[in-house]
Amino acid sequence: MKGVILAAGKGERLRPLTDDRPKVVLKVANRPIIEYVLENLYPFVDEFVIVVRYKSEWIKKTLGDEFGGKPITYVEQLPGEGTAKAIESARESVEDEFIVANGDIYFEEEAVRELVSAFRREKADVALVVKHFKDLSHFGKVEVEGSRVTRIAEKPGKIAGYANLGIYTFRSSVFDFIEKTGLSERGEYEITDTINLMIDAGLKVVAVPYDGYWNDVGRPWNLLELNEYLLKNKLRHEIRGTVEEGAVVVPPVEIGEGTVVRSGAYIIGPVKIGRDSRIGPNCFIRPHTSIGDNCHIGNAVEVKNSIIMDNSNAPHLNYVGDSIIGENTNLGAGTITANLRHDRGNVKVEIKGKLEDSGRHKLGAIIGHNVKVGINVSIYPGRKIGSNAFIGPGVIVDRNVPPNSLVVVRQEKLVMEK
């Protein structure tokens with residue numbers, strides 16, 4: 001059986017982190033999102049087929065031509081948008097039975113095990129993993145009778161029920177129905193519409209309930225949620241770098257090869273630090289923080305519940321709280337990320353031109369890649385700084401900064417003789 005991973009999307013809701021790369025290669029707990037998908041499909045497939053389009057060179061560079069010894073084939077998504085069109089793109093690369101998973105979600109191996117077992121036990125034409133939610137406002141509703149799916153409906157509003165999680169098994173007969181699938185109201189070819197056509201034709205579609213952890217990584221705060229889950233549940237205490245005398249490491253903490261933790265650093269796990277990084281002296285790294293390879297967290301810096309990606313620095317006098325810092329980014333001395341509103345309400349973030357409630361009481365900055373931030377910069381909660389931006393000294397970032405921008409403070413000076 002082959003595993004098809006859908007990884008063609010742009011991930012616009014995750015900008016600025018996806019300004020120059022697809023979202024599936026963004027690192028959470030120092031690993032690309034798509035690697036977790038491959039890892040949990042691995043026991044059940046012989047080969048991977050990855051459907052790509054946007055910035056596909058990033059995915060190919062990240063994964064190469066095999067994963068754990070099992071080959072990877074890349075196919076370009078056919079013209080048109082939507083999951084049905086993406087799955088159709090793999091038609092020539094699969095056999096009669098195959099698994100499909102969205103490349104931007106997190107799930108546990110248990111979900112796939114139950115999926116494959118039910119598909120074969122029920123002799124189904126389609127099986128899909130579902131999860132019960134109290135509020136289906138953001139999900140399509142999977143209507144079931146027993147184990148059989150009778151309809152996949154549009155978002156029904158704030159009611160309870162089963163939601164489709166984006167993990168399926170199909171037979172090759174699905175391609176005949178994809179050919180009959182029309183455009184949805186969103187202007188996309190939806191696999192859920194295809195499945196409804198199959199139900200109408202009398203084919204057997206079964207739902208596979210799943211109670212484990214699942215995360216649809218569609219917005220910046222989902223990265224922080226997944227990072228916290230992985231550090232809490234998957235981290236092993238392992239120190240392969242150097243910890244100087246006078247540094248305190250409270251397990252579980254993973255420290256990569258070549259990393260040096262200098263005297264006075266205080267690290268409370270769960271925390272994950274990559275290779276060849278410099279930590280301290282005299283810094284405080286709090287739980288649920290991941291720090292990538294070749295990073296510098298220096299003197300008088302506090303980092304809490306954040307993701308700092310490869311080759312980025314918070315070298316002195318910084319506070320980074322509930323924030324995401326992209327690759328190759330530098331925070332000047334005294335740069336502070338605020339993560340709490342004065343009214344203590346939920347932090348809202350602009351997503352595709354509209355403010356969305358993150359549902360989080362605390363959320364700091366979302367900073368893209370290759371950003372240079374000057375000294376004494378203050379960043380409001382939930383603000384974004386686009387990739388390749390330059391923020392001058394003393395700026396108060398109270399609104400989003402577009403990519404490739406220069407932001408400076410215009411300061412009038414009066415010089416008088418004594």
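This tour moves from the whole chain to its nonpolar cores, then to one helix, and ends with the aromatic rings.

**The whole chain**

Begin with the full protein chain in view, bearing in mind that this is a predicted model. Colour by secondary structure, and the chain comes to 7 helices and 41 strands. Along its principal axes the C-alpha trace spans about 90 × 45 × 40 Å. The radius of gyration is 23 Å, which agrees with the value near 22 Å that a compact globule of 418 residues would have. Switching to a surface view, you are looking at about 18,700 Å² of exposed area, of which carbon and sulfur atoms supply 46%. Beneath that surface, buried residues make up 54% of the 418 residues. If you display contacts between residues at least 6 apart in sequence, 49% of them join residues at least 24 apart.

**The nonpolar cores**

In soluble globular proteins, nonpolar side chains tend to be buried together. Select L41, I50, I59 and F107, which are the residues with the most contacts inside the largest nonpolar core, a set of 40 residues. Helix α4, residues 109-121, gives the most to this core, contributing 6 residues. Centre next on L41 and show its surroundings: leaving aside residues up to four places away in sequence, L41 touches I5, F48, I99, A101, F107 and V112. Then move to A265, I267, I291 and V371, which are included in a second, separate core of 33 residues.

**Helix α6**

Select residues 191-200, which form helix α6, and ask how many of its 10 residues are buried. The helix is mostly covered, with 7 of the 10 buried, namely I191, T192, T194, I195, N196, M198 and I199. With those side chains shown, look at what surrounds them: the buried residues of α6 pack against helices α3 (83-88) and α5 (174-178), and also against strands β9, β11 (148-153), β12 (161-171) and β13 (205-209). Following the backbone onward from α6, you come to G202, whose phi is positive, near 90 degrees.

**Aromatic rings**

Now display the aromatic side chains, among which the structure holds 13 aromatic pairs. Select F48 and F67, whose rings form an edge-to-face pair, with 6.0 Å centre to centre and 85 degrees between the planes. This pair links distant parts of the chain, since F48 belongs to strand β4 (residues 47-52) and F67 to strand β5 (residues 66-67), 19 residues apart. Both F48 and F67 are buried, and F48 has already appeared on this tour as one of the residues touched by L41.

Continue to F139 and W214, where the pair is tilted, with 6.0 Å centre to centre and 50 degrees between the planes. Here too the pair links distant parts of the chain: F139 lies in the loop between β9 (126-133) and β10 (141-145), whereas W214 lies in strand β14 (residues 214-216), 75 residues apart. F139 counts as buried because its relative accessibility is 18%, and W214 likewise counts as buried because its relative accessibility is 13%.

For a larger grouping, select Y36, Y106, Y213 and Y229, which ring pairs link into a cluster.

**Charges over rings**

Two lysines complete the tour. Select K70 together with Y42, and you will find K70 over the face of the tyrosine, at 3.9 Å from the ring centre. Finally, select K85 with Y189, where the charged end of K85 sits over the ring of Y189, 4.6 Å from its centre.

Conventions. Residues numbered from 1 in each chain as written. Predicted model: local features only at pLDDT ≥ 70, side-chain atom pairs only at ≥ 80, totals over all residues. Heavy atoms only, no water. Phe/Tyr/Trp six-rings, centres within 6.5 Å; stacked < 30°, edge-to-face > 60°. Helix = DSSP H or I, 4+ residues; strand = E, 2+ residues; numbered from the N terminus. Buried < 20%, exposed > 50% of the residue type's maximum accessible area, 1.4 Å probe, protein only. Lys NZ or Arg CZ within 6 Å of the ring centre and 35° of its normal. Rg over C-alpha atoms; globule rule 2.2 N^0.38 Å. Contact = heavy atoms within 4.5 Å. Areas by Shrake-Rupley, 256 points an atom, 1.4 Å probe, with all protein chains shown as cover. Core = buried A, V, L, I, M, F, W, Y, C linked by side-chain atoms within 4.5 Å.
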